[in-house]
Amino acid sequence: MDFSLTESERELVGLCRDFAQKEIAERAPLAWQESRCATDLLREMGALGLLGILIPEEWGGIGMSTVGFVAAMEQIGLADQSVAAAWQAHVTIGSLPLFHFGSDGQRERWLRPLAEGIALGAFGLTEPDAGSDARGICTRAERRDGGWLINGRKAFISNAGTDMSFGVTLLARTESAAEQGSRFASFVVEKETPGFTMGPKMRGIGWRGLDTRELFFDDVWVGDDHLIGDPAMGLNQFLGTLEVGRISIAALSLSLTQAVLDMATDYAQKRVQFGQPISKFQAIQFKLADIATELEAARWLTYRAAYLRDTGQPFLKEASMAKLKASCVATSAASEAVQIHGGLGYMLESPVARFYCDAKVLEIGEGTNEIQHLVIARALGC
Ligand SMILES: Cc1cc2nc3c(=O)[nH]c(=O)nc-3n(C[C@H](O)[C@H](O)[C@H](O)COP(=O)(O)OP(=O)(O)OC[C@H]3O[C@@H](n4cnc5c(N)ncnc54)[C@H](O)[C@@H]3O)c2cc1C
């Protein structure tokens, strides 16, 4: 397997590195402190083509490979995890259902503005009573007046409530209350649709710059043109989209691990105790060496999952393995990096503390790590 980047992928990575170092690293920490989604930065990333990174040019994107996206994410996430989290949610789960399953008319109407970076995409699967158990969702769409009447509630939905958000692509049950079956379809609900409201931005331990909210649907009527693809295939569409989302969370985890490794190495070389830099103590050296080794292992899993997608091969198991490994490496590395910084690492004024707070969600979002274990075990035949 050859994961070396093409000329255009290398150019893109260079562009992301510059933008991340010059703009995101400068401005995003304040947005994190203020719990504000930095849509100014996301708009600028849109102008660079980054919001359509996985969408072909035909629909307003730049048609980069998944490997190229992972490499680009390594640069963006190095500077700030909230901006990177909003970006990846938009690029994968926020845009791909429309790209893969939407009609040309729907792509023109909703996907193009997403890919051109004018609007931000959101993915509505989770509900207060159904997270890991996606089949347990209660939001219902009933046939009514030549369209669909949607009632229900979604929880923890990212990117739906910003000044750039267009609305949400959501999953709903479509069998009638009297039926016993479980049929699911996906729909686009635009922001101004009557009956569609949302709660305030939620406050997380980390990802404080990410806009995550509850969404409420009370007798929301949408026409047939808002139904995405086959009305019997909504659950498959959503679960398939999450496979790509997991590669993206793995890539985000790589960037976090690299960031805390860089900070801890730098600090260990400068911080003097007992008359020498703490990097000279074997206890510190071993921590850094372990982080670097685990990061490299996670990196190979992630690029391999991306490569499989790019070459049209199944990647369900590999995406889960990458997400599982990379997120665990990230949380452990963040903890050790704080340890290396001592008391300073505990203080929110220090950048390593911000990345430490951002790490935990990587084990939860887009399928918890327990669910990744289940996916992998099932692929093994269990
Ligand atoms: C910051 C953030 C952003 C998010 N953004 C979005 C979004 O944009 N769109 C969206 O749809 N969702 C989003 N989510 C929701 C996220 O995907 C869910 O939180 C996640 O899937 C887990 O669901 P849950 O919170 O209901 O936990 P639960 O499913 O209730 O799980 C609770 C615990 O039980 C474990 N568990 C559950 N079932 C099993 C099992 N069968 N075997 C073993 N253990 C099990 C879980 O692993 C977990 O540890 C977001 C969440 C966060 C925190």
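Two exercises on the ligand site and one aromatic pair follow, each with a worked solution.

The model is predicted, so local features need pLDDT of at least 70 and side-chain atom pairs pLDDT 80 or more, while totals for chains, interfaces and linings use all residues. Residues are numbered from 1 along each chain as its sequence is written, and side-chain values use heavy atoms, without hydrogens and water.

**Exercise 1.** Describe the shell around the ligand and the polar contacts there.

*Solution.*
1. Count the shell: 15 residues surround the ligand, each with a heavy atom within 4 Å of it. Thr126, Ser132, Phe156, Thr368 and Glu370 are the closest.
2. Sort the shell by type: 8 residues are nonpolar, 5 polar and 2 charged.
3. Assign elements, with helices (H or I, at least four residues) and strands (E, at least two) taken as DSSP runs. At least two shell residues come from each of β3 (147–158) and α11 (369–379); β3 gives the largest share, 3 residues.
4. List polar contacts (N or O atoms within 3.5 Å). Ligand oxygen atoms lie 2.6 Å from a polar side-chain atom of Ser132 and 2.6 Å from a side-chain N or O atom of Thr368. A polar backbone atom of Phe156 is 2.8 Å from a ligand nitrogen atom.

**Exercise 2.** Classify the aromatic pair of Phe3 and Tyr303, and place both residues in the chain.

*Solution.*
1. Rings of Phe, Tyr and Trp (its six-membered ring) pair if their centres lie within 6.5 Å; the structure has 8 such pairs.
2. For Phe3 and Tyr303 the centres are 6.2 Å apart, with 35° between the planes.
3. Planes under 30 degrees apart count as stacked, over 60 as edge-to-face and the rest as tilted; this pair is tilted.
4. Phe3 lies in the segment before α1 (7–33) and Tyr303 in helix α8 (residues 282–310), 300 residues apart.

Terms used:
Near = heavy atom within 4 Å. Polar contact = N/O pair within 3.5 Å; in protein donor to acceptor, adjacent residues only side chain to side chain. Nonpolar A, V, L, I, M, F, W, Y, C, P; charged D, E, K, R; others polar.
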